[in-house]
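Let's take a friendly walk through this chain, from its overall layout down to a few individual residues. Please keep the sequence and the structure in view as you read.

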Amino acid sequence: LDEMMEALTPKLGFDYFTIAHYVNDPLAANLADLCSLPDRWAKTAREFTYRKAGPVAAICKRTLAGFVWSELPDMVALTPRQRTIWNAACARGDGLTVPANIPAGVSGSISFVVDNKTPLPRNNLHAAQFIGCIAYEAGLRISARERFPAPPPPDLSARQLDCIILAARGKTNLGLGRFTVGAAR
């Protein structure tokens, strides 16, 4: 998934991506977050996106549609702390965040980011939202497969296998042949 996102992100016109599960969600404890942001952005990104008080997390709880970072103040009144975080993030670049609100599941978001030297690829925002949703779902499935591996198939005897084959052919253990609903006995 990480390799796929690394390949797709520049094709969409973005420099970086993140797939984040909100740390305040207890189900997210064992899920991996993927991020291609440079290390120098790490602290700002965590505060901006992952923290419960961060502006992105606040908006993700209110919408299903993706939103552009530079437009956050038009969407919601930012607290002074959120405005400080927002200013720090916008000084580095702009981005699109797609909320991933999963009922009875692990919420998070997918973000595609451009640094302050790259223009936001507005023509690709819908494609990025679509790809982001699929990537988030894929991350959940991969994480679930690693946390909850499928049980091994049952170990059946030769006779049990014969019974399954006979049942599939319509045989019963009644000795009466095939039973048809509504037929006279």
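## The chain as a whole

Of the contacts in the chain with a separation of 6 or more, 64% are between residues 24 or more positions apart. Keep in mind that this is a predicted model. Its secondary structure consists of 7 helices and 5 strands. Read from the N terminus, the order of the elements is α-β-β-α-α-β-α-α-β-β-α-α.

Turning to the surface, the chain has 185 residues, and 38% of them are buried. The accessible surface is about 11400 Å², with 57% of that area belonging to carbon and sulfur atoms.

## An aromatic pair across the chain

There is 1 aromatic pair to look for in this structure. Its partners are F14 and F112, whose ring centres are 5.4 Å apart, and with 40 degrees between the planes the pair is tilted. The pair links distant parts of the chain, as its two members are 98 residues apart. F14 sits in the loop between helix 1 (2–11) and strand 1 (16–21), while F112 belongs to strand 5 (residues 108–115).

Are these two rings buried or exposed? F14 has a relative accessibility of 2%, so it counts as buried. F112 is buried too, as its relative accessible area is 0%.

## Helix 5 and its two sides

Helix 5 is a good place to slow down. It contains 13 residues, and the distance from its first C-alpha to its last is 19 Å, close to the 18 Å expected at 1.5 Å a residue. Which residues of helix 5 are buried? They are Q82, I85, W86 and A89. Because these residues cover an arc of only 100 degrees around the axis, they lie on the same side of helix 5. P80 and A91, on the other side of the helix, are exposed.

## Two loops that meet W86

Just before helix 5 comes L78, in the loop between helix 4 (72–75) and helix 5 (80–92). L78 has a relative accessibility of 14%, and because the cut-off for buried is under 20%, L78 counts as buried. Setting aside neighbours within four places in sequence, L78 is in contact with P55, P73, R83 and W86. For a link to another part of the chain, compare L78 with G54: they are 24 residues apart along the chain, and their C-alpha atoms are separated by 9.4 Å.

S70 gives us a second view of W86. This serine is in the loop between strand 3 (67–68) and helix 4. At 33% relative accessibility, S70 is partly exposed. Again leaving out neighbours within four places in sequence, the contacts of S70 are W86, C90, D94 and R122. W86 therefore appears in the contacts of L78 and of S70, and W86 is itself one of the buried residues of helix 5. S70 and G93 are 23 residues apart along the chain, with 8.9 Å between their C-alpha atoms.

## Distant in sequence, brought together in space

Two further pairs are worth finding on the model. H21 is located in strand 1, and at 3% relative accessibility it counts as buried. How many residues separate H21 and S107 along the chain? They are 86 residues apart, yet the separation of their C-alpha atoms is 6.0 Å.

The other pair involves A138, which is part of helix 6 (residues 125–147). With a relative accessible area of 25%, A138 is partly exposed. A138 and L1 are 137 residues apart in sequence, and from C-alpha to C-alpha they are 7.6 Å apart in space.

## Cysteines without a bridge

How many disulfides does the structure hold? The count is 0. Two of the cysteines can still be described by their accessibility. C35 has a relative accessible area of 39% and is partly exposed. C163, at 37% relative accessibility, also counts as partly exposed.

Conventions
Residues numbered from 1 in each chain as written. Predicted model: local features only at pLDDT ≥ 70, side-chain atom pairs only at ≥ 80, totals over all residues. Heavy atoms only, no water. Phe/Tyr/Trp six-rings, centres within 6.5 Å; stacked < 30°, edge-to-face > 60°. Helix = DSSP H or I, 4+ residues; strand = E, 2+ residues; numbered from the N terminus. Buried < 20%, exposed > 50% of the residue type's maximum accessible area, 1.4 Å probe, protein only. Contact = heavy atoms within 4.5 Å. Disulfide = S-S within 2.5 Å. Expected span 1.5 Å × (residues − 1). Arc of directions from axis to C-beta. Areas by Shrake-Rupley, 256 points an atom, 1.4 Å probe, with all protein chains shown as cover.
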